[in-house]
Amino acid sequence: MAPSGSPLAALFLLLAWLFLAELIVSTRALSPPSNRHRPLILPLSLTPRDSYSASSSPPSSSHERDRHRRRLLDSELPRSPTARMRLYDDLLFNGYYTTRLSIGTPPQEFALIVDTGSTVTYVPCSNCQQCGKHQDPRFQPQLSSTYQPVKCNAHCSCDAAEKQCTYQRRYAEMSSSTGILGNDLVSFGNESELTPQRAVFGCETVETGDLYSQRADGIMGLGRGHLSIVNQLVEKHVIDDSFSLCYGGMSVGGGAMILGSIIPPTGMVFSHSDPHRSPYYNIELKEIHVAGNPLKLKPSTFDGRHGTVLDSGTTYAYLPAKAFLAFRDAIIENVQSLRKIQGPDPKFHDVCFAGAGWDISKLSEVFPKVDMVFGDKQKLSLSPENYLFKHTKVPGAYCLGIFQNENDETTLLGGIIVRNTLVTYDREKNKLGFWKTNCSELWKRLQDTGSPPPAPLVPQNHNSTSAISPSIAPSGSPPTSFPVEFRVGLITFNMSFSIKSSSRKPNFTEFEELIAHELGVSTSQVHLLYFTSSGNQFLVEWAIFPADSADYISNTTAMSIITRLRDHHVQLPERFGSYQLVEWKIEPQKKRTWWQHNYLAVAAVASAALLLTLTSIGLWFVWKNIRQQSGAYKPVGVAIPEQELQPL
């Protein structure tokens with residue numbers, strides 16, 4: 001063979017090797033990554049609130065489970081939940097939603113407000129100089145074997161001794177939080193597939209305003225900022241740069257929080273979010289329609305200052321003056337059949353309406369639909385529960401949950417706007433997505449099937465009261481809702497506790513006042529049924545009755561009572577020690593008989609009849625006595641029969 005053929009062969013082999021290498025690289029590039037970040041799912045299911053509804057019961061057959069799996073494929077959301085934590089508060093009574101995080105080794109658990117407007121996660125520190133009384137003990141760094149203080153450096157503000165980094169946050173309602181920064185393990189629940197991660201958090205030394213007086217322990221900051229819990233997890237490459245929130249409805253609450261990315265469900269509408277416009281999560285709101293008619297406003301109305309901001313830590317919504325007045329007038333024009341009344345607090349000029357009825361599922365028949373139109377013409381439809389809140393003093397009355405933003409042109413949309421709406425904060429693609437669903441059932445479906453199927457728009461109309469039994473024991477899953485028709489007539493619970501001194505007996509009058517205060521009811525509603533004791537151990541049965549002016553306990557109040565008891569949110573004085581909820585029962589409102597409904601009228605008629613009878617008898621005796629006296633006198637000369645004297 002001629003030696004000149006060797007270079008051609010070598011060139012051919014080199015080209016073949018390069019082609020093969022390119023093919024291998026292309027194949028790897030097209031294959032899906034094997035280690036895609038799994039989302040961290042934290043349920044915010046209420047309670048305050050837990051579910052007895054039939055729709056929330058687990059599938060009872062393989063056919064039912066298969067049906068849920070088919071829905072899973074349609075919804076294209078993550079298959080397996082990685083964490084589960086419940087929500088024990090709601091917008092009406094608390095003004096916020098909380099989830100529970102654990103910090104340290106061993107874990108110390110805290111109830112934290114889920115806040116997309118905050119960039120720091122913080123809890124009260126054991127050495128706090130000015131912290132309120134919250135529902136959990138303060139964080140004790142000395143008890144955590146993994147706690148590390150964040151030492152003073154060029155990238156943080158330092159304390160007076162220049163040893164530790166500090167933080168300070170002030171809020172619009174004039175509350176503030178100040179403290180030091182620490183680093184410790186943060187865990188997201190026993191069911192989390194994401195292992196505990198180290199994160200920087202705030203250890204409070206001073207609280208003021210609402211932060212001081214609230215029951216929640218602190219804040220879980222989900223905003224844009226390097227101290228945000230989302231930013232820290234993303235920087236560690238344990239989740240994708242996205243998270244989702246889903247808040248429950250007007251009468252139920254609950255929902256789920258998903259840290260990590262999800263594939264948007266069919267029907268989700270999006271709006272662009274500009275991270276350079278402001279540190280908050282903003283959207284491009286252009287128009288508001290009421291009953292299909294656009295308000296006569298320029299698109300620039302919703303673009304003042306920070307633009308339109310979505311803040312989960314804010315309770316209600318606040319519009320610029322022009323937008324609020326136009327919205328208020330449009331609502332009033334569409335509810336002419338309702339009577340306008342004063343709000344629950346005379347200090348505020350709330351716009352309230354009476355006559356809409358108890359049934360929340362029928363509010364859309366009375367109040368108009370509201371649409372928010374984004375920059376790309378996509379619409380987010382709001383049901384009445386997204387812009388109304390219940391009047392706390394007038395049954396069947398509702399008030400506007402949208403107010404005028406005083407001295408600020410920012411449009412601020414709080415949690416009320418996204419009730420029963422899955423909101424995806426896609427930070428990687430700079431957009432926010434909205435999908436109407438039943439958030440109270442969302443976590444249940446995530447747990448049973450790994451992903452929520454497309455849910456009907458809420459509120460739903462429950463047609464049966466058979467989903468709740470007359471006597472409910474605490475051993476099962478805690479409730480998230482009652483059927484609309486169900487009326488709670490009585491709540492009883494057994495509580496065991498021990499006092500520190502065996503020679504002292506508890507002051508049950510003081511105990512009643514304490515229970516009433518902690519459960520948010522009147523003292524007259526709390527009754528001691530019986531108690532037994534053995535040494536310093538006591539077992540007490542309490543009963544919560546409806547208020548004097550009511551025939552039953554509202555479902556929301558009942559949910560709040562149950563969850564506060566179940567989750568040990570009732571704080572007893574130190575002398576009572578710790579308590580344990582042994583048993584609780586819910587009894588439905590008993591139907592009154594005709595006599596019970598009309599006993600006052602019957603009593604009045606009976607009293608009048610008795611008085612008339614006694615008067616008639618009295619008059620008859622007077623008349624008879626007069627006749628006897630007039631007949632006792634005899635004429636003169638009338639012979640009187642001689643009477644024989646009786647012997648002495």
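Which residues form a nonpolar patch on the surface? In this predicted model, the patch is made of L610, L614, I617, W620, F621 and W623, and together these residues have about 670 Å² of accessible area. One of them, W623, lies in helix α10, which runs over residues 599-630. W623 counts as partly exposed because its relative accessibility is 47%, a value that falls between the 20% limit for buried and the 50% limit for exposed.

The patch is one part of a wider surface. The protein exposes about 33600 Å², and carbon and sulfur atoms supply 55% of that area. Of its 648 residues, 49% count as buried. The secondary structure of the protein comes to 10 helices and 36 strands.

How far can the coordinates be trusted? The protein averages a pLDDT of 77, and 70% of the residues score at least 70. Two stretches with a pLDDT below 50 deserve a look. Residues 1-8 are one such stretch, with 0 contacts in the model beyond near neighbours in sequence. Residues 449-478 also have a pLDDT below 50, but here the model shows 86 contacts beyond near neighbours in sequence. Where pLDDT is low, the predicted coordinates should not be read in detail.

Turning to the interior, the largest nonpolar core holds 81 residues, and the members that touch the most other members are L222, L259, F327, F367, Y387, I417 and F434. Helix α5, covering residues 321-333, gives the most to this core, with 5 residues. A second core, separate from this one, has 28 residues, among them M495, F511, I515 and L581.

I417 makes a good example of how distant parts of the chain meet. Leaving aside residues up to four places away in sequence, I417 touches A317, M372, L382, N386 and I402. What of I416? This residue sits in the loop between β29 (411-413) and β30 (421-426). Although I416 is placed in a loop, I416 counts as buried because its relative accessible area is 1%, while the limit for buried is under 20%. The C-alpha atoms of I416 and Y247 are separated by 8.6 Å, with the two residues 169 residues apart along the chain.

Several loops also hold backbone details that a reader can look up in the structure. Where is the cis peptide bond that has an omega of about 0 degrees? This bond joins T105 and P106, and P106 is found in the loop between β5 (98-103) and β6 (108-115).

Two further residues have a positive phi although neither is a glycine. For E162, phi is about 55 degrees, and the residue is in the loop between β9 (157-158) and β10 (165-170). Is E162 buried or exposed? E162 is exposed, because its relative accessible area is 62% and the exposed class begins over 50%. For M174, phi is about 75 degrees. M174 is in the loop that follows, between β10 and β11 (176-187), and its relative accessibility of 69% means that M174 also counts as exposed.

Definitions and conventions: Residues are numbered from 1 along each chain as its sequence is written. This is a predicted model: local features need pLDDT of at least 70, side-chain atom pairs count only at pLDDT 80 or more; totals for chains, interfaces and linings use all residues. Side-chain values use heavy atoms; hydrogens and water are left out. Patches are made of residues with over 30% relative accessible area and no salt bridge: like charges are joined within 9 Å, nonpolar side chains (Val, Leu, Ile, Met, Phe, Trp, Tyr) within 5 Å. Accessible areas come from the Shrake-Rupley method with a 1.4 Å probe; for residues, only the protein chains shown count as cover. A salt bridge is a side-chain nitrogen of Lys or Arg within 4 Å of a carboxyl oxygen of Asp or Glu. Helices (H or I, at least four residues) and strands (E, at least two) are DSSP runs, numbered from the N terminus. Buried means under 20% relative accessible area, exposed over 50%, partly exposed in between (1.4 Å probe, protein chains only). A nonpolar core is a set of buried Ala, Val, Leu, Ile, Met, Phe, Trp, Tyr and Cys residues joined through side-chain atoms within 4.5 Å. Contact means heavy atoms within 4.5 Å. pLDDT is the predictor's confidence in each residue, from 0 to 100.
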